[in-house]
Amino acid sequence: MATELEELIGFLSAPSPPVKKAAVDIVRDLTGSEDGLHSLSNYANTVLPSLSRLLSDDKEVSEPAAEALVNLSQNAGLAAKMVEMGLIKIAMDMLYKLGSSITQLLVMLLVNLTQLDDGISSLLQIGDDKMQGLYVMKLVRSFCRSSETSASHSFVTPLQDDPFDHVGSILVNISKKEEGRKMLLDPKRGLLKQIIRQFDSSSLLRKKGVSGTIRNCCFEAETQLPNLLLISEFLWPALLLPVAGNKIYGEQDTSKMPLELGSALSIDREPVKDPEIRVQALEAIYLIALQEAGRRALWSVNGPRILQVGYEDEEDPKVMEAYEQIGSLLVHGSENEEPSTTTSK
């Protein structure tokens, strides 16, 4: 005899819209508690496909279905099942379906699924030579375009989230994997250049996504330094401005910098208050400076002077430690030094 929960899950496929709506609302509410998640996980093989089918339904059904999947995907075992059943492809197809009303939820689902290696591989479309990188290219394009749209619509309230802000977190996830970093660094695709330009956003979530992605990509500096330096006019401002301190720099300093750095530092500016972003910027600079050509590039933009000034203003112990790590490297110029305290995250 079917249990109450089995009957409830069965109603997710009911032909009657009101019954289906009632069932999906109850399932969504169940996913909001640990007990509910545990109970539903026992029926993963039926509840996950049923919920995924509802993503193409009307908003009143697709929204609670998407919310339920986002909650369920926080469980690593259930997330792995979702990846296995092809939910990344389903989410990507739905994301770009005309008039999708659950964009932000689908992006959040992709954030959770790309916490897993198999989820990253699925999003990168590894193994499909013809399509590889298409999903990532689409997401980067949406990430960049949505910010332009938000900026041009000044009537959008600050509380109204950009549904594609969370793409920054997806980019951080995929850049934890070597294949993801190489895809983002490929100069023919030009993805990292587009991503870096989003660092100017007023959204902290977006800023963190960009800084984390740059930092992870710098783990490829040993073999990909020329590709990183190809976009130096965008890279150095994104890395050095957050750690430049609060002072207005004089001409003696700015005259030794490229225009994009010197002009920004010669005026009053908004400090980057989040210490995590400052640490990520410093770790990225450190990874670049481990290479002799990277150190030369840093000196060429007067980077050590910027770091010196920034260090004098810094108060956070973790950030100060990251400054000191670069300082030690620049003083000793040790070309064989390894990133002892830095791991891809």
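Reader: When does a lysine charge count as sitting over a ring, and which ring does the charged end of Lys-247 sit over?
Author: The NZ of Lys has to be within 6 Å of the ring centre and within 35 degrees of the ring normal. This is a predicted model, and in it the charged end of Lys-247 is 5.5 Å from a ring centre and sits over that ring. The ring belongs to Tyr-249.

Reader: And which ring has the charged end of Lys-207 over it?
Author: Here the distance to the ring centre is 4.4 Å. The cut-off for such a pair is 6 Å. The residue carrying the ring is Phe-199.

Reader: Is Glu-220 buried or exposed?
Author: Glu-220 sits in the loop between α14 (204-217) and α15 (221-229). Leaving out neighbours within four places in sequence, its contacts include Arg-181 and Lys-182, along with Glu-178. Its relative accessibility is 7%, and the limit is under 20%, so Glu-220 counts as buried.

Reader: Let's do salt bridges. How many does a search of the whole structure find?
Author: One of them pairs Arg-28 with Asp-25, at 3.5 Å from N to O. Those two are 3 residues apart in helix α2 (residues 17-30), about one turn of the helix. For the whole structure, the search gives 18.

Reader: Why does Asp-25 count as buried while Arg-28 counts as partly exposed?
Author: Buried means under 20% relative accessible area, and partly exposed runs from there up to 50%. Arg-28 comes out at 23%, so it is partly exposed. Asp-25 is buried because its value is 18%.

Reader: How many residues apart in sequence are the parts tied together by Lys-208 and Asp-274?
Author: The side chains of Lys-208 and Asp-274 meet in a salt bridge, 3.4 Å from N to O. Lys-208 lies in helix α14 and Asp-274 in the loop between α18 (259-265) and α19, so the pair ties together parts whose separation in sequence is 66 residues.

Reader: Which helix gives the most to the largest nonpolar core?
Author: That core has 105 residues, and those touching the most other members include Leu-12, Ile-174 and Leu-307. The top contributor is a helix spanning residues 275-289, with 10 residues in the core: α19.

Reader: Last one: how far apart are the end C-alpha atoms over residues 46-75?
Author: An unreviewed UniProt entry annotates residues 46-75 as "repeat: ARM". Over that stretch the chain is 73% helix and 0% strand. Its end C-alpha atoms are separated by 16 Å.

How values were computed:
Residues numbered from 1 in each chain as written. Predicted model: local features only at pLDDT ≥ 70, side-chain atom pairs only at ≥ 80, totals over all residues. Heavy atoms only, no water. Helix = DSSP H or I, 4+ residues; strand = E, 2+ residues; numbered from the N terminus. Buried < 20%, exposed > 50% of the residue type's maximum accessible area, 1.4 Å probe, protein only. Contact = heavy atoms within 4.5 Å. Core = buried A, V, L, I, M, F, W, Y, C linked by side-chain atoms within 4.5 Å. UniProt positions renumbered as here; feature names shortened; annotations may be inferred. Salt bridge = Lys/Arg side-chain N within 4 Å of Asp/Glu carboxyl O.
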